Amino acid sequence: AASSSFGSAAGATKSVRELAAQGDCWSCKCSQTLSHLQATHRATLLHPDDMAVELQSKLFDTPSDLSVCVELYSMASKTILEEKQHLSVHEDQFSNTEWSRLVRTLPLCKKLSSMQFRRAGVCLDMACELFNSLGPNSLPKVTSLNFSHNAIGTGKEAAQNSECGIVALARALDRGSLPELKELILSDCNISGAAFSELMACFGRGKAAKLSSLDMSSNPLGNDAMGALLALPAGTLPELSRLLAFGCNVGDAGCVLLLEAFHKGVMPKITQMEERSEPGFLE
């Protein structure tokens, strides 16, 4: 057992480095385990406390070895989390436990700039768990947020649900949880017109001043949702240059409202605006 030479975390670090230089199997095993638990597998972006639990079950039977190892790798995991910049999950599924662990860990990722969850099996309750957990400035560097193809909205059948994931997102934006958000992708999320209106009301309170790209395509928004966009004051979305809203059950009346919002100056920098799946829209 290597722990006999370990008197402290600092001593442990030195000893592990010495063992690594000698090609020691124990050191290699620890490094591989850390890599597996924290850096390579998408669903195990672990909070240091959760990592300790994982280490207890995977590495050592000797308590003294275990104690030092947990302390050492807890410190290492904090360093990894602090440097994490991109989180991407495509075409995969989160379990409830994996998601709760991730939610607990994200506030430690102070350099995280991109969160991509495309077809990740994120449901309404999971989205609410995440957004409701965020406080002011929780994700200070995140500029891109993608929840496309996850049913985090309510859809028409539950439009009055106060726990709608999009309403929870709007509340998080109101709290200043994502102050640098520039790209928001919510395509095919089963978002109702009522939930979209809540998000627009949040934007109207100045909570999306840096947003440059918004993708709301393939959601059952309907014509009335475009009225919520038109209701915003001129200059509400000063940096928005790209708006995608095709496949949203928007007909001629809704398209007129959308164009009126453009001419009103709600989004003065818009250069790409698409609503192409319903008849009557002028691209």
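**Entry 1: glycine 165**

I looked up which residues glycine 165 touches in this predicted model, and, leaving aside residues up to four places away in sequence, I found Leu124, Ala127, Cys128, Phe131 and Ile152. Glycine 165 lies in helix α7, and its relative accessible area is 0%, so I wrote it down as buried. I also looked up the distance to a residue further along the chain: cysteine 189 is 24 residues away in sequence, and its C-alpha atom is separated from that of glycine 165 by 9.5 Å.

**Entry 2: the chain as a whole**

Next I stepped back to the overall make-up, and I noted ten helices and seven strands in the chain. Of the 283 residues, 51% are buried. I then took the contacts with a separation of 6 or more and looked up how many join residues 24 or more positions apart, and the share came to 83%.

**Entry 3: the sheet**

I asked myself in what order the strands of the sheet stand. The order is β1-β2-β3-β4-β5-β6-β7, in an open sheet of seven strands with parallel pairing. At the edges I found β1 (86-90) and β7 (272-274), each of which pairs on one side only. From one strand to the next the twist averages 5°. As a reminder to myself, strands of a sheet pair through backbone hydrogen bonds, either parallel or antiparallel.

I then followed β1 in detail, and saw that its pairing with strand β2 (residues 114-118) is parallel and runs over five bridges. Opposite histidine 86 stands serine 114 of β2, and opposite valine 89 stands phenylalanine 117, also in β2. In a regular strand the side chains alternate between the two faces of the sheet, and I checked how this looks in β1. Leu87 and Val89 point to one face and are buried, whereas His86, Ser88 and His90 point to the other face and are not buried.

**Entry 4: helices α7, α8 and α9**

Two packed helices are described by the angle between their axes and the distance between the axes, and I looked up both values for two pairs.

For helix α7 (residues 165-174) and α8, the angle is about 5° and the axes are 8 Å apart. Angles under 35 degrees count as roughly parallel, and α7 and α8 are therefore roughly parallel to each other. On the α7 side the residues that meet α8 are Ile166, Val167, Leu169, Ala170, Leu173 and Asp174, and on the α8 side I listed Ala195, Glu198, Leu199, Cys202 and Phe203. Sorted by class, this contact has nine nonpolar residues, no polar ones and two charged ones.

For α8 and α9, the angle is again about 5°, with the axes 9 Å apart, which makes α8 roughly parallel to α9. Gly193, Phe196, Ser197 and Met200 of α8 make the contact with Ala225, Met226, Ala228 and Leu229 of α9. By class I noted six nonpolar, two polar and no charged residues in the contact of α8 with α9.

I stayed with helix α9 (residues 223-230) and asked which of its residues are buried. They are Ala225, Met226, Ala228, Leu229 and Leu230. Among the elements that cover these buried residues are α8 (193-204), β6 (242-244) and α10 (252-264).

**Entry 5: cysteines**

I searched for disulfides and found zero in the structure. Cysteine 123 is in no disulfide, and the nearest cysteine sulfur, which belongs to cysteine 128, is 8.7 Å away. Why is the sulfur of cysteine 164 not bonded to that of cysteine 128? The two sulfurs are 6.9 Å apart, too far for a bond, since a disulfide needs the sulfur atoms within 2.5 Å. I also compared how these residues stand towards the surface: cysteine 123 is partly exposed, at 31% relative accessibility, while cysteine 164 is buried, at 1%.

**Entry 6: two positive phi values**

Most residues other than glycine have a negative phi, and most peptide bonds are trans, so I wrote down two residues with a positive value.

- Asparagine 137 has a phi near 60°, and I found it in the loop between α6 (124-133) and β3 (144-146). Its relative accessible area is 43%, so asparagine 137 counts as partly exposed.
- Aspartate 188 has a phi of about 55°, a positive value although the residue is not a glycine, and its place is in the loop between β4 (183-185) and α8. With a relative accessible area of 35%, aspartate 188 is partly exposed.

Terms used:
Residues are numbered from 1 along each chain as its sequence is written. This is a predicted model: local features need pLDDT of at least 70, side-chain atom pairs count only at pLDDT 80 or more; totals for chains, interfaces and linings use all residues. Side-chain values use heavy atoms; hydrogens and water are left out. Buried means under 20% relative accessible area, exposed over 50%, partly exposed in between (1.4 Å probe, protein chains only). Helices (H or I, at least four residues) and strands (E, at least two) are DSSP runs, numbered from the N terminus. Contact means heavy atoms within 4.5 Å. Two strands pair if DSSP finds at least two bridges between them. Axes are lines fitted to C-alpha atoms, for helices over the stretch in contact, and angles run from 0 to 180 degrees between N-to-C directions. Angles under 35 degrees count as roughly parallel, over 145 as roughly antiparallel, 65 to 115 as roughly perpendicular and the rest as oblique. Ala, Val, Leu, Ile, Met, Phe, Trp, Tyr, Cys and Pro count as nonpolar, Asp, Glu, Lys and Arg as charged, and the others, Gly among them, as polar.
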